[in-house]
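Work through the exercises below with the coordinates open beside you. Each exercise sets a task and is followed by a solution in steps.

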Amino acid sequence: MRATHLLQGLGCLLLSGLGKAVPFSPSSSDQDLDLSPRAELVTRAPTCNTPTNRACWTTGFNINTDYEASFPATGVVRNYNFVITEHDNWVGGDGVPKKKAMLINGQFPGPTIRADWGDTIRVTVTNTLRVNGTSIHWHGIRMLNNNVNDGANGITECPIPPGGSKVYTFRAEQYGSSWYHSHFSSQYANGVVGTIHIDGPASLPYDEDLGVFPITDWYYGAADEIQHSLIPPPGAAPPSDNVLFNGKHVNANGGGSYYRVKLKPGKRHRLRIINTSVDNTFTVSLVNHQMTVIESDFVPVNAFTASSLFLAVGQRYDVTIDANQAVGNYWFNVTFAASGLCGVSNILLPAAIFQYEGASNTALPTIRGTAPPDSRCEDLTNLVPIVTRTAPSASFTATPNNNLDVNLTVQNWQGQQRVYWEVKGQDMNITWDEPTLEYLAKGNMSFPQRYNVFQVPQSNQWSFWVVENLLGVPHPLHLHGHDFLVLGRSPALANPFSVSPRRYNDAADRSTLRFTNPTRRDTTMLPGNGWLVVAFRTDNPGAWLFHCHIAWHVSQGLSIQFLERVQDIPRTVPLNSIRPNCDAWETYYAVSPFKQFDSGLRI
């Protein structure tokens, strides 16, 4: 399938972390959304999804159900209220003050959104920041026919101004584990982030659900100051000051405390590992234990066992862990790629403690464990989804129209040298007060070139993309509104800078691509000086970002947006709902002391 690159002129109540479940009674804004049930109204069966049989869920829905074709409609709404606040010299979970923190309901990480498969989730976000706008993106949530709730300011909405609020409403069409975060400038790195836990079926039985387990890099400086410091030379991000496990860790001076996870001897536990980092990717391992993967990025997979797992920024693995070792305390270790090209930290041995019931609450583990193999910043591409997808190999042709090359340039900005990441020769730079959907509401298809808009017009076709990295730095690439098929990629190298860029060569590389039920997820790694081929089905009209999830890089422009089925957007997305918040933002921004200095998206 061909794509067209459009150029210029070419036509507050503060609640706790638990959501309140209520029967579904649509508001006027909800009635504008396509939230119609895809199946008969059902609720979770009390005799289903038991420790001995997690594959079932309720009548007609189980681990083999294709959630893109059908999902339960529970009639339940999970209501949350998020209030975003600003704090100077906030003391975090490692005992060290952070110069600038921006928090949801006064906590880090923010509240966990908890729901059942098929519930409706409604989140009221209130912005009480001093000068910053905000928007919240629900990472990995498909948002079928609901692009306006994706939360990418400058694309699907204007930012929420200080003193303003917005209600996000979406259906839990998928199940598993994910997270949410700000998509506005510096807030993500300052703490505007939390987790999502959606209960549903699983491919393996288990006894205990340990819940979400977010792991993140942590910076003591203010994010905007860090971003301003990324100027050549050298232009590289600093090491993270710490790595936090569900918001906690020891610090470099010995203060703080380790996060502890409790295990029941003889039981099988489900753990939902989420990399919510700004920059760091890493490998995780649990001393003397194996992890059995059952899901990745909302996609249930055929179970397989591993001694360690690499997680790119934004990736998730749901695993089971058998507590079959001697009662005691065990290190859960984080290690980094030796090259340092996909994240480094000032904390040498980041770790949490997995503690068996009956073990000491204060003792540290005595066995450090064996370092896992170097990931070389490479994620797994041999995952086998339970619900299969097949892309027609005959439809794939590598052409200039579906090629996306990634490169770095240094430009002068207001007398200062700055680093920009370009996709197909252009770094993204959107405008907060005129998002892409606002252009469509006005019937205007003349997008600025720096919006990096790529048209994907056809319905229910496979859209193929060849991404080529012209520099040695790997990038975790994330797509909004879809998961994608990872058809193939070039091998990762220990030192990508030792070779010239390895471009995709159809004659030599086509045989390595996998079109029948390949790995499917919403985030994957682009190798340094290498290539990646992905595909997604055009079944979700909207403007969807495709970007590097290293926060500094997307701030420096490493993004494009797919304008998918533009002819269908007006009937699936209530474009008139954008204007009230944009009016409020424009009124605020006219007198705001904080002006846009980056791509307008996340730092």
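**Exercise 1. Determine the strand order of the open sheet of 4 strands, and then establish which strands form its edges.**

Solution. In this predicted model, the open sheet runs in the order β7-β12-β11-β9, and its pairing is mixed. The edge strands are β7 (113-116) and β9 (136-139), each of which pairs on one side only. From one strand to the next, the twist averages 20°.

The mixed character can be followed strand by strand. Strand β12 (residues 193-199) runs parallel to β7, to which it is joined by 4 bridges; within this pairing Ile113 stands opposite Ile196, and Ala115 has Ile198 as its bridge partner. Strand β11 (residues 176-182), by contrast, pairs with β12 in the antiparallel sense over 6 bridges, and here the bridge partner of Trp179 is Thr195 in β12. As for coverage, 7 of the 7 residues of β12 are buried, which leaves the strand mostly covered.

**Exercise 2. Examine strand β27 (residues 462-469) and decide how far the rest of the structure encloses it.**

Solution. Begin with the count: 8 of the 8 residues of β27 are buried, and the strand is therefore largely enclosed by the rest of the structure. Next, sort the side chains by direction. In a regular strand the side chains alternate between the two faces of the sheet. For β27, one set that points the same way consists of Trp462, Phe464, Val466 and Glu468, while Ser463, Trp465, Val467 and Asn469 point the other way, and all of these residues are buried.

Finally, look for the neighbouring strand. β27 pairs with strand β32 (residues 531-537) in the antiparallel sense, over 7 bridges, and within β32 it is Phe536 that stands opposite Ser463.

**Exercise 3. Classify the ring pairs that Phe213 makes with Phe245 and with Phe354.**

Solution. A search of the whole structure finds 37 aromatic pairs. For Phe213 and Phe245, the ring centres are 6.1 Å apart and the planes stand at 35°, so this pair is tilted, since only planes under 30 degrees apart count as stacked and those over 60 as edge-to-face. Phe213 belongs to strand β13 (residues 208-218) and Phe245 to strand β14 (residues 242-245), so the pair ties together parts that are 32 residues apart in sequence. Both Phe213 and Phe245 are buried.

For Phe213 and Phe354, the centres are 5.8 Å apart and the planes are at 90°, so this pair is edge-to-face. Phe354 lies in strand β23 (residues 351-356), and its pair with Phe213 in β13 links distant parts of the chain, 141 residues apart. Phe213 and Phe354 are both buried.

**Exercise 4. Find the residues that form one aromatic cluster, and identify the rings over which Arg54 and Lys98 lie.**

Solution. One aromatic cluster is formed by Tyr80, Phe82, Trp138, Tyr168, Phe170 and Tyr180. Turning to the charged residues, the charged end of Arg54 sits over the ring of Tyr206, 4.1 Å from the centre of that ring, whereas Lys98 lies over the face of Trp218, at 5.1 Å from the ring centre.

**Exercise 5. For the loop residues Gln315, Asn529 and Leu348, decide in each case whether the residue is buried or exposed.**

Solution. Gln315 lies in the loop between β20 (309-311) and β21 (316-322). With a relative accessible area of 0%, Gln315 is buried. A polar atom of its side chain lies 2.8 Å from the backbone oxygen of Thr523. Leaving aside residues up to four places away in sequence, Gln315 touches several residues, including Ile273, Asp297, Phe310, Asp379 and Arg521.

Asn529 is placed in the loop between β31 (523-526) and β32. Its relative accessible area is 5%, so Asn529 is buried as well. Not counting residues up to four places away in sequence, Asn529 touches residues among them Asn469, Leu470, Pro496, Phe497 and Arg502.

Leu348 has its place in the loop between β22 (329-335) and β23. At a relative accessible area of 76%, Leu348 is exposed. Leu348 and Val243 are 105 residues apart in sequence, and their C-alpha atoms are 9.7 Å apart in space.

Conventions:
Residues are numbered from 1 along each chain as its sequence is written. This is a predicted model: local features need pLDDT of at least 70, side-chain atom pairs count only at pLDDT 80 or more; totals for chains, interfaces and linings use all residues. Side-chain values use heavy atoms; hydrogens and water are left out. Rings of Phe, Tyr and Trp (its six-membered ring) pair if their centres lie within 6.5 Å; planes under 30 degrees apart count as stacked, over 60 as edge-to-face and the rest as tilted. Helices (H or I, at least four residues) and strands (E, at least two) are DSSP runs, numbered from the N terminus. Buried means under 20% relative accessible area, exposed over 50%, partly exposed in between (1.4 Å probe, protein chains only). A charge sits over a ring if NZ of Lys or CZ of Arg is within 6 Å of the ring centre and within 35 degrees of the ring normal. A polar contact is a pair of N or O atoms within 3.5 Å; within protein, one must be able to donate a hydrogen and the other to accept it, and residues adjacent in sequence count only if both atoms are side-chain atoms. Contact means heavy atoms within 4.5 Å. Two strands pair if DSSP finds at least two bridges between them. Axes are lines fitted to C-alpha atoms, for helices over the stretch in contact, and angles run from 0 to 180 degrees between N-to-C directions.
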